[in-house]
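Work through the exercises below with the sequence and the coordinates at hand. Each task is followed by a solution in steps.

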Amino acid sequence: MSPIQVYVIGPSSTGKTTLCNAVAKSVGLPTRCYITEVARQVMRSKGYTRADVGTVEMQRAIMLAQLEKEANAFACARWGNSEGELILSDRSGIDPIVYAIMTAKNEGDARQKEAMLVNIPAFQMALRRYKDAIFLLLNPVEEWLVDDGVRSLDHHEHCIKVFRQVLDKYGIKYQEIGAETKKIEDRVRLLEERMALAHRPLVSQMRETPVIRPRVGESITACCPNISKRDFSQNQS
């Protein structure tokens, strides 16, 4: 059986790593199956700065590093013991595409950068996996945003729109969490419930306490009104 893949994505300062750390601790996830802070690692190792965010070279380097870690984690989870049947990441191979589009000079530049990244063979392989993965898109919470003189709520809202467009374009299903669910314990519960629906035995084996599940006859959306699936027809930071 293929492992459950969970990708928590979204703009900066939306709590992605905080949520992933909490979930990893909650389920006792092995380090080899938890992918985190790849972009920071690439920027440090290759000497990139914020000034390089708009370059396709930087986004390509981040994408390749992310996809390599995903492939390694997938192999470990698939061939390891039952404790390794979950892969958790605080970004995905989609993120570099979003940031490349957002920082493009114009529409033509955006299309060119997107094509350069999408056509990377490793991404095409990952895209097939993404179709069966859990993607959780975190929306910006205004009071959480770090004012660095560049980012603003409008910038983050635009980032979310581009994320939705890219996810929809490549047929990746996703759910969203926003300002209506701020408590980390609530966010952890919602994600674990989504994981439980994908593979109930996994979460119940990995946790010492029972998973919170909807009552008999109650749908996941009724039990968890703060999370919903977004289906958009329309085609960073």
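The exercises cover helix burial, helix packing, backbone angles and aromatic pairs in this predicted model.

**Exercise 1.** Determine which residues of α4 are buried.

Solution. Step 1: the cut-off for buried is a relative accessible area under 20%. Step 2: in α4, this class holds Asp95, Pro96, Ile97, Val98, Tyr99, Ala100 and Met102. Step 3: helix α4 spans residues 95–102, and 7 of its 8 residues are buried, so the helix is largely enclosed by the rest of the structure.

**Exercise 2.** Describe how α4 packs against α5, starting from the angle and the distance between their axes.

Solution. Step 1: the angle between α4 and helix α5 (residues 107–118) is about 160°, and their axes are 8 Å apart. Step 2: angles over 145 degrees count as roughly antiparallel, and α4 and α5 are therefore roughly antiparallel to each other. Step 3: the crossing of α4 and α5 is right-handed. Step 4: on the α4 side the contact involves Pro96, Ile97, Ala100 and Ile101, and on the α5 side Ala110, Lys113, Glu114, Leu117 and Val118. Step 5: sorted by type, the residues of this contact are 7 nonpolar, no polar and 2 charged.

**Exercise 3.** Find the sign of phi for Ser13 and for Glu37, then place both residues in the fold.

Solution. Step 1: most residues other than glycine have a negative phi. Step 2: Ser13, which is not a glycine, has a positive phi near 65°. Step 3: Ser13 sits in the loop between β1 (4–9) and α1 (16–27), and its relative accessibility of 27% makes it partly exposed. Step 4: for Glu37, also not a glycine, phi is positive at about 55°. Step 5: Glu37 belongs to the loop between β2 (34–35) and α2 (38–46); with a relative accessible area of 29%, Glu37 is partly exposed.

**Exercise 4.** How many aromatic pairs does the structure hold, and what is the geometry of the pair formed by Phe123 and Tyr170?

Solution. Step 1: there are 5 aromatic pairs. Step 2: Phe123 and Tyr170 are 6.4 Å apart centre to centre, with 85° between the planes. Step 3: planes over 60 degrees apart count as edge-to-face, and the pair of Phe123 and Tyr170 is of this kind. Step 4: Phe123 is in helix α6 (residues 121–130) and Tyr170 in the loop between α7 (153–169) and β5 (175–177); the pair links distant parts of the chain, 47 residues apart. Step 5: Phe123 and Tyr170 are both buried. Step 6: Tyr7, Tyr130 and Phe135 make up one aromatic cluster.

Key: Residues numbered from 1 in each chain as written. Predicted model: local features only at pLDDT ≥ 70, side-chain atom pairs only at ≥ 80, totals over all residues. Heavy atoms only, no water. Buried < 20%, exposed > 50% of the residue type's maximum accessible area, 1.4 Å probe, protein only. Helix = DSSP H or I, 4+ residues; strand = E, 2+ residues; numbered from the N terminus. Axes fitted to C-alpha atoms, helices over the stretch in contact; angles between N-to-C directions. Parallel < 35°, antiparallel > 145°, perpendicular 65-115°, else oblique. Left-handed = near helix turned anticlockwise from the far one by under 90°. Contact = heavy atoms within 4.5 Å. Nonpolar A, V, L, I, M, F, W, Y, C, P; charged D, E, K, R; others polar. Phe/Tyr/Trp six-rings, centres within 6.5 Å; stacked < 30°, edge-to-face > 60°.
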